[in-house]
Amino acid sequence: MKKRWKDALAARMVDMHDDRGDVPGWVLITLMTAGLVAVIWAIAEPTFAGLFDDAIDGVTGG
C-alpha cells in the first residue's frame with residue numbers, strides 16, 4: 001500500500017516539473033494583449049498626437 005502512494009506522489013512530482021508550459025495559453029494571452037493595445041491606441045491616438053504637438057509647440061515656441 002505504501003509503495004503505491006509513493007509511486008503516485010513521484011509521478012505527480014515529475015508532472016509538476018514539466019517545463020513545456022501551456023503554449024496555446026501563452027499565445028492566446030499574447031494575442032489578446034496585442035489586441036487590447038491596438039484598440040486602446042486607436043482610441044487614444046488623437047489625444048496622444050495633440051499632447052505631442054502641444055509639447056513640441058511649447059519647446060519650439062510655435
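What follows is a short walk through the fold, the long-range features of helix H2 and the side-chain contacts of this predicted model.

The fold is quickly told: the protein has two helices and zero strands. There is not much of an interior, with buried residues making up just 2% of the 62 residues. The accessible surface comes to about 6000 Å², and carbon and sulfur atoms account for 70% of that area.

Helix H2 runs over residues 23-60. Cover is scarce here: of the 38 residues in H2, one counts as buried. The helix isn't straight either, since a kink of about 55° sits at Ala-44, shortly before the proline Pro-46. Just after H2, Gly-61 takes a positive phi of about 80°.

On the surface, Val-23, Val-27 and Leu-31 come together as a nonpolar patch, and their accessible area adds up to about 280 Å². Val-27 has its place in H2. At a relative accessibility of 44%, Val-27 falls between the 20% and 50% cut-offs, so this residue counts as partly exposed. As for the spacing, an α-helix has 3.6 residues a turn, so residues three or four places apart point the same way.

Aromatic contacts are soon listed, as a search of the whole structure turns up one pair. The partners are Trp-41 and Phe-48, with ring centres 5.1 Å apart and planes at 45°; that angle is neither under 30 degrees nor over 60, so the pair is tilted. Phe-48 isn't tucked away, though: its relative accessible area is 38%, which makes this residue partly exposed.

Technical notes. Residues are numbered from 1 along each chain as its sequence is written. Side-chain values use heavy atoms; hydrogens and water are left out. Rings of Phe, Tyr and Trp (its six-membered ring) pair if their centres lie within 6.5 Å; planes under 30 degrees apart count as stacked, over 60 as edge-to-face and the rest as tilted. Buried means under 20% relative accessible area, exposed over 50%, partly exposed in between (1.4 Å probe, protein chains only). Helices (H or I, at least four residues) and strands (E, at least two) are DSSP runs, numbered from the N terminus. Accessible areas come from the Shrake-Rupley method with a 1.4 Å probe; for residues, only the protein chains shown count as cover. Patches are made of residues with over 30% relative accessible area and no salt bridge: like charges are joined within 9 Å, nonpolar side chains (Val, Leu, Ile, Met, Phe, Trp, Tyr) within 5 Å. A salt bridge is a side-chain nitrogen of Lys or Arg within 4 Å of a carboxyl oxygen of Asp or Glu. The bend at a residue is the angle between axes fitted to the seven residues ending there and the seven starting there.
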